[in-house]
Amino acid sequence: GRLLLSQISTSGQPPASRILEVVPGSPAKIFLDGTGTNGLALDSEDQLFGAVHEDGSISRFDLANPGAAPVVVAASYLGNRFNSPNDLAIRSDGNLYFTDPDWQSPKPNPQSAERAYRVASGGEVSPFGEYSDNGSTQTVQKPNGVIFRGDETALYLGGTGGLFKLPVANDGSVGVGTRVTA
């Protein structure tokens, strides 16, 4: 019955942001101020997760108690914070997938590459985003945008080289995909 979205300022590095709530027939209002979020997603239990470019985390926000501190779900890979988590999608089994380009990243970039990541139900973080092109395996460049196919057996990942379709196994791991559009 409502839409939650991040409103991002055009100034600052990283830019400030807040979560707005839009209820049909009413003007938008501030739901949470100062979140530093970009992409948002709900899991199967209606828990709100945000890609927080401000601190480089994926965090869970308490919808029932908006004033509660967010809970960090994933904050780093190989000992370094993420660059600038951007978009995310959550599979019904709790596996979470997100993109991490360097749009609002601190400089120098904390991560050595811009990647897409999976956070398994148990919290383990692993990169994904490989595709096959003319017999060679390549990685999606500047990943930005991730969404599931309805049956959750594949996800679509955007990047500067186009849109890619990647298979998702029963355990949530992501296989080598194919380019859908350039």
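**Exercise 1. Glycine 159**

Task: State in which strand glycine 159 is found in this predicted model, and decide whether glycine 159 is buried, exposed or partly exposed.

Solution.
Step 1. Glycine 159 belongs to strand S17, which covers residues 154–159.
Step 2. The relative accessibility of glycine 159 is 21%. A residue is called buried under 20% and exposed over 50%, with partly exposed in between. Glycine 159 is therefore partly exposed.
Step 3. The surroundings can now be added. Leaving out residues up to four places away in sequence, glycine 159 touches Val140, Gln141, Lys142, Pro143 and Asn144. Proline 143 is 16 residues apart from glycine 159 in sequence, yet their C-alpha atoms are 4.3 Å apart in space.

**Exercise 2. The sheet that contains S17**

Task: Give the order of the strands in the open sheet of S16, S17, S18 and S19, and explain why one side of S16 and of S19 is left without a neighbour in the sheet.

Solution.
Step 1. The four strands follow the order S16-S17-S18-S19, and their pairing is antiparallel.
Step 2. Strand S16 (146–148) and strand S19 (178–181) stand at the edges; each has a single partner strand, so one side of each lacks a neighbour in the sheet.
Step 3. On average, neighbouring strands of this sheet are turned by 30 degrees against each other, direction ignored.
Step 4. Between S16 and S17, which run antiparallel, there are three bridges. Isoleucine 147 has tyrosine 156 in S17 as its bridge partner.

**Exercise 3. A second open sheet**

Task: Determine which strands stand at the edges of the open sheet formed by S4, S5, S6 and S7.

Solution.
Step 1. The order is S4-S5-S6-S7, with antiparallel pairing.
Step 2. Strand S4 (37–42) and strand S7 (71–74) each have a single partner strand and therefore stand at the edges, with one side lacking a neighbour in the sheet.
Step 3. From one strand to the next, the twist averages 30 degrees.
Step 4. S4 pairs with strand S5 (residues 48–52) over four bridges in the antiparallel sense. Threonine 37 is placed opposite valine 52 in S5.

**Exercise 4. A hairpin**

Task: Describe how S14 and S15 are joined, and name the residue of their hairpin that takes a positive phi.

Solution.
Step 1. Strand S14 (residues 130–133) and strand S15 (residues 136–139) run antiparallel and are joined by four bridges. Serine 132 stands opposite threonine 137 in S15.
Step 2. The hairpin has two residues between the strands, and asparagine 134 has a positive phi near 55 degrees.

**Exercise 5. Arginine 91**

Task: Decide whether arginine 91 is buried or exposed.

Solution.
Step 1. Arginine 91 lies in the loop between strand S10 (88–90) and strand S11 (96–100).
Step 2. Its relative accessible area is 6%. Because buried means under 20%, arginine 91 counts as buried.
Step 3. Beyond its neighbours within four places in sequence, arginine 91 is in contact with several residues, among them Tyr97, Phe148, Glu152 and Asp171.

**Exercise 6. Two pockets**

Task: State the volume of the largest pocket and of the second largest pocket, and describe the lining of each.

Solution.
Step 1. The largest pocket holds about 220 Å³ of space. Its lining has 17 residues, and Asp43, Phe49, Val73, Gly94 and Ser121 lie nearest its centre. The lining divides into six nonpolar, six polar and five charged residues.
Step 2. The second largest pocket has a volume of about 150 Å³. Of its 15 lining residues, Gly34, Thr35, Ser59, Phe61 and Pro70 lie nearest its centre. Here the division is seven nonpolar, five polar and three charged.
Step 3. Strand S6 (residues 57–61) provides the largest share of the lining of the second largest pocket, namely three residues.

Terms used:
Residues numbered from 1 in each chain as written. Predicted model: local features only at pLDDT ≥ 70, side-chain atom pairs only at ≥ 80, totals over all residues. Heavy atoms only, no water. 1 Å grid on protein atoms, 1.4 Å probe; cavity = no way out; pocket = protein on both sides within 12 Å on 5 of 7 lines; lining within 4 Å. Points joined across faces, edges and corners; volume = space filled by probe spheres on them. Nonpolar A, V, L, I, M, F, W, Y, C, P; charged D, E, K, R; others polar. Pairing = 2+ DSSP bridges. Axes fitted to C-alpha atoms, helices over the stretch in contact; angles between N-to-C directions. Buried < 20%, exposed > 50% of the residue type's maximum accessible area, 1.4 Å probe, protein only. Contact = heavy atoms within 4.5 Å.
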